[in-house]
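Biologist: Could you walk me through this one? I am new to it and would like to start with how some of the helices pack.

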Amino acid sequence: MNNRTRKELFAQLFKKDRKSSDKNEQDRGSTDFSILYEYYKTVATHHPDLIFVLSAERETLFQNTHRVNKLLGYSKSKKLNYKDLVSMETYKALRKSFEHALKGSTKKLTIEATNSHQAKMHLDVTFIPIKMTSKTPNFIHVIVQDRTAYHHMLNNLQLKEKHFNHAQDLAAIGSWEYEIAIDKLTWTDNCYELFGFDKNENMSMDLPLVYVHDEDKTKLREKIKHAIINGVSYECEYRIVHGKTKEVRYANSKAEVTFYNGAPYKLIGVVIDITEQRLVEQELANQIKNLKHMFDHLDVGFWLQEYESRDVLYLSRGLATLYEYPLESLYKHKTFWEDSLHPEDKEQALKNGQSLETGQPIQHYYRILCGDGSVKWVFDQTIPWFDHDGKLNRLFGVQLDITHQREMEQKLQYQASHDPLTSLPNQKSLYEKLEHFCSNDAILQFALIYVDLDHFNRINHSLGYDIGDQALQKVAKRIQVMLPGDSYLARISGNDFAAIVPTYDHKKQVFSLAERIIKHVGTSMEIEDYELYLTASVGLSFYPENGDNKLSVLDAAHSALFHAKKQGKNNYQLYSFSRDISTYKKYLLEQDLRSAIEHEDFELYYQPVVHTATKRIAGAEALIRWNHETWGIVSPSEFIPIAEENHLIHDLGNWVIETVCAQLRKWKDGGFTMRPISINISPIRFLKKGLVNVVQHHLETYNIPAKYIQLEITESTQLKNERTVLMTLQELKNLGVKIAIDDFGTGYASLSYLNKFHADTIKIDQTFIERLHEMDNHDLAIVSSIIYLAKKLEVITVAEGVELYEQYEILKQNECDFIQGYIFSKPVPASVYEKLMRKGHLELRNQQVKDNQREERRSYYRLKLPTWVPAQMNITEVNKRKVDLGSATILIEDISLGGIKILSTLRLPVNTSIKLNFSFTLVHETFDIAGNIVWKKEGNRNVFHYGISFRISESERDHLAGAINRLTVLKNTKQKITGTGFIEESPEAYFNQNPL
């Protein structure tokens, strides 16, 4: 195909007459041509830019003419001469580009043209060569794009940049760009002037950092690094050391990050010279500093605050001292003043502050709650501060601590109404509070709890008043923490306290509270070197049930307390109370024990320890006895616990040690063969220092070798402080004193004690001996094991409580070393023991020895009851003084018109000064008969047998005779006996189930 044919074909391609084109297509029979034609024509016609197709001879083969006319502002019918639309120079440039395109090169240039309004237009013209089959282009494709708007925008940007640069000059602001990938930093002139070095076209980020102050360099570098890595903007203030003048200047930089393909690409920022601002601020700061220095060294607190925002502008150090908070915390806490106001003063203080809104300054007094928990009184003067428009915008004030002055004013009033030792309200305040409660119609009820510490004077007398005062303070706190929040506690006097409890649903809550107070007071307390155990008695009364005025309700509580004291200790009583014999006896023993110690109203008995095989006396155990004026011989099991609870056991133990040493010295001087004496030491004695010194002192005083003293230590939880105990035992053994473990096998850690205490002797408890002779019991296995273990450890064994020949034989067969018990001798006075020592050898006692005390001497027929009958026993008189005590349960074994034989767990003396009354029922008949104890014998397991002689009238004797006769007939005829409460179990089991 020649050039002409191609030209004609291309011209035909762009003809508007579709029919002619279709005919040519059919003539050619070419489907490809049709597709190409439709595609190219669509693109050319609808292209948004101007499209021309020129032949090599510059003949226009195609143009979207209407687009050209529209672009230039002419109508579609207007024929244009393009040469007239451009300058000659532009025209030549267009021809030159066309010629380059004919040679196969695409050319693009930007030209200016004039539109119909004679306005300049900026056009981009692109010449694209089109080749058919020849190597040279056959046609030139021309694209014209309107760039007028772009050029206008570019001019505006340039103008704005010029204005921006001018503004930067005026504001001392420099701008910069940093291309991250190539580490290139571009600055404006102001940046160079600020830093003080010459322009550098290839500047990296490290260069300006050289001029940053050393103290700020790391901070700025980290900011830039963080922005580059994380793609976040930053702002940083820093100092610059000017490169030429070496002057320190202040700058502030801000930068934003731009991204490309999702990653940080460039930092764009500004740097501002803020030196003048900082210098002015420093000068102002110096002036403020001088004022602050003056304010901060005054003993008052100054403050300044924005009214609406509540922002704190200034606080002097005096406020930190006043409020006991760091200044930093007060600055952050806008409402610290309101929040610190004492709840009782808050409403009035806030109300006073409302006067400031009217322009009136205020002066007022109130309390604040300080950071250290203290409460202070404050004098506050606040002045409102108005702006030029008369609007309240600030508050200025001064606050002064006047706590000392207020305390001085209140001190006399406080001292008049409070106890100085415990800080509790005193008796005067209690009376006022009771008066208020009783006269207030809105108060329908309240409980009064009267607390008294048992025998508290003994602490003052034995340990000193300083210890006593500390104990009272601790007790006051213990009672206070147990009371409900709305209760009122006062110290009445000495060791008496009273609490008003206004809120409770039922009395059981008050009873439970009283129990908790007693228990909490009774826990151990450590004061200096002493561990004290206090007990409390409590009396309860209720308003208005027990009194409708302050004195009557207080008297009722005090009366209940008195009866609680009569009960003993660690108990509470209501105004209506009950008491029993056991607690009454304990109470009297407590009262008399200290006096007995002071007057040495005790005696030591000695029970021989006998060699099992030879029956020779090997020593003895010293046992303390108290011959009480009213109760006769009192067992150690009764008064030793009392002595321990009242911390009298130390004095009692020291007395026993000295008495034994003195007795040994007497026997030594009397020519007796010296044998060891065992002394029981209370476990709590090991908890008080000085035991070793006491033993050593008496051994040296009476010149007694230590080997003749053996201290018996009983297993107990009180020895849980093993380190102290072990140290004391070792020191005693160093003296030569022997150590025995008493009641072995019944404690808490028998084998552990045996291993740790390195005892010389173990004493097998009598509970394992009692049933040793019975068939099918485990006690024999336990006892034989203990003996075997002791021999392996080379420890001596002593069996306690041996009474029967069968028990002795079993112990002898198992090679128990020593025997201690009634089988050889009961505990005897020192004079009797001296006679036994002279003999040196003891024989087994006849177990069927007649007890003269139990000889039947009654003149009346005695009825042996089928089984035991429960009865009630009351004490009505002691030493000719009437008493009203609660009853104790006993069991009647036999009865006659002259008296009864009874069983009881109570330890009572054979003493005519104690009058008794017995109540019981026989065959539906009830009897209340007076009587006295005429004999006594101790049975098994702490059950005592008593013989009672009746003090009975003739009518009472006749009444009783009828019942005894009926019982006798029914028993002899083996008929059922009704109306008599016989028990079926053993007395021991009955008393365990029905304790006193």
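Modeller: Helix 23 and helix 24 are roughly parallel to each other, because their axes cross at roughly 20 degrees and angles under 35 degrees count as roughly parallel. Please keep in mind that this is a predicted model.

Biologist: How far apart are the axes of helix 23 and helix 24?

Modeller: The axes of helix 23 and helix 24 come within 9 Å, and the crossing of helix 23 past helix 24 is right-handed.

Biologist: Which residues make the contact there?

Modeller: Helix 23 contributes N654, I657, E658 and C661, while helix 24 contributes L691, V694, V695, H698 and L699. Sorted by class, the contact of helix 23 with helix 24 has six nonpolar, two polar and one charged residues.

Biologist: And what about helix 23 and helix 29, at what angle do they pack?

Modeller: Helix 23 packs against helix 29, which spans residues 830–839, at an angle of about 45 degrees, and their axes are 13 Å apart. That angle makes helix 23 oblique to helix 29.

Biologist: Is that crossing left-handed or right-handed, and which residues make the contact?

Modeller: The crossing of helix 23 and helix 29 is right-handed. On the helix 23 side the contact is made by Q663, K666 and W667, and on the helix 29 side by A830, Y833, E834 and M837. By class, the contact of helix 23 with helix 29 has four nonpolar, one polar and two charged residues.

Biologist: Let me change topic to pockets. What is the volume of the second largest pocket?

Modeller: The second largest pocket has a volume of about 980 Å³. It is lined by 40 residues, and the closest to its centre are D529, E531, H650, L687 and K688.

Biologist: Which elements give two or more residues to that lining?

Modeller: Helix 23 (649–669) and helix 24 (691–701), the pair we started with, are among them, and the others are helix 17 (457–463), strand 20 (530–532) and helix 25 (722–735).

Biologist: How many of the lining residues are nonpolar, polar and charged?

Modeller: The lining of the second largest pocket divides into 14 nonpolar, 12 polar and 14 charged residues.

Biologist: What about closed spaces, how many cavities of 30 Å³ or more does the structure hold?

Modeller: The structure holds three cavities of 30 Å³ or more, and about 130 Å³ of space lies in the largest cavity. Of the 14 residues that line the largest cavity, W187, F195, M205, Y238 and S253 are the closest to its centre.

Biologist: Which elements supply at least two residues of its lining, and what classes do the lining residues fall into?

Modeller: Strand 7 (184–187), helix 8 (206–209), helix 9 (214–230) and strand 8 (234–241) each supply at least two residues of the lining of the largest cavity. The lining residues of the largest cavity divide into 13 nonpolar, one polar and no charged.

Biologist: Back to helices for a moment. How do helix 18 and helix 19 pack?

Modeller: Helix 18, residues 465–482, and helix 19, residues 507–522, pack at an angle of about 150 degrees, with their axes 9 Å apart. That makes helix 18 roughly antiparallel to helix 19, and helix 18 passes helix 19 in a right-handed crossing. The contact involves V475, R478, I479, V481 and M482 of helix 18, together with L513, R516, I517, H520 and V521 of helix 19.

Biologist: Last thing, the backbone. Is the peptide bond from Y543 to P544 cis or trans?

Modeller: The peptide bond from Y543 to P544 is cis, with omega near 0 degrees, and P544 lies in the loop between strand 21 (536–543) and helix 20 (550–567).

Biologist: And what is the phi of N261?

Modeller: N261 has a positive phi of about 55 degrees, although it is not a glycine. N261 is found in the loop between strand 9 (248–260) and strand 10 (263–273).

Definitions and conventions:
Residues are numbered from 1 along each chain as its sequence is written. This is a predicted model: local features need pLDDT of at least 70, side-chain atom pairs count only at pLDDT 80 or more; totals for chains, interfaces and linings use all residues. Side-chain values use heavy atoms; hydrogens and water are left out. On a 1 Å grid over the protein atoms alone, a cavity is a set of points where a 1.4 Å probe fits but cannot get out, and a pocket is an open set with protein on both sides within 12 Å along at least five of seven lines; lining residues have an atom within 4 Å of a point. Grid points are joined across faces, edges and corners, and a volume is the space filled by probe spheres set on the points. Helices (H or I, at least four residues) and strands (E, at least two) are DSSP runs, numbered from the N terminus. Ala, Val, Leu, Ile, Met, Phe, Trp, Tyr, Cys and Pro count as nonpolar, Asp, Glu, Lys and Arg as charged, and the others, Gly among them, as polar. Axes are lines fitted to C-alpha atoms, for helices over the stretch in contact, and angles run from 0 to 180 degrees between N-to-C directions. Angles under 35 degrees count as roughly parallel, over 145 as roughly antiparallel, 65 to 115 as roughly perpendicular and the rest as oblique. A crossing is left-handed if the near helix is turned anticlockwise from the far one by less than a right angle, and right-handed if clockwise. Contact means heavy atoms within 4.5 Å.
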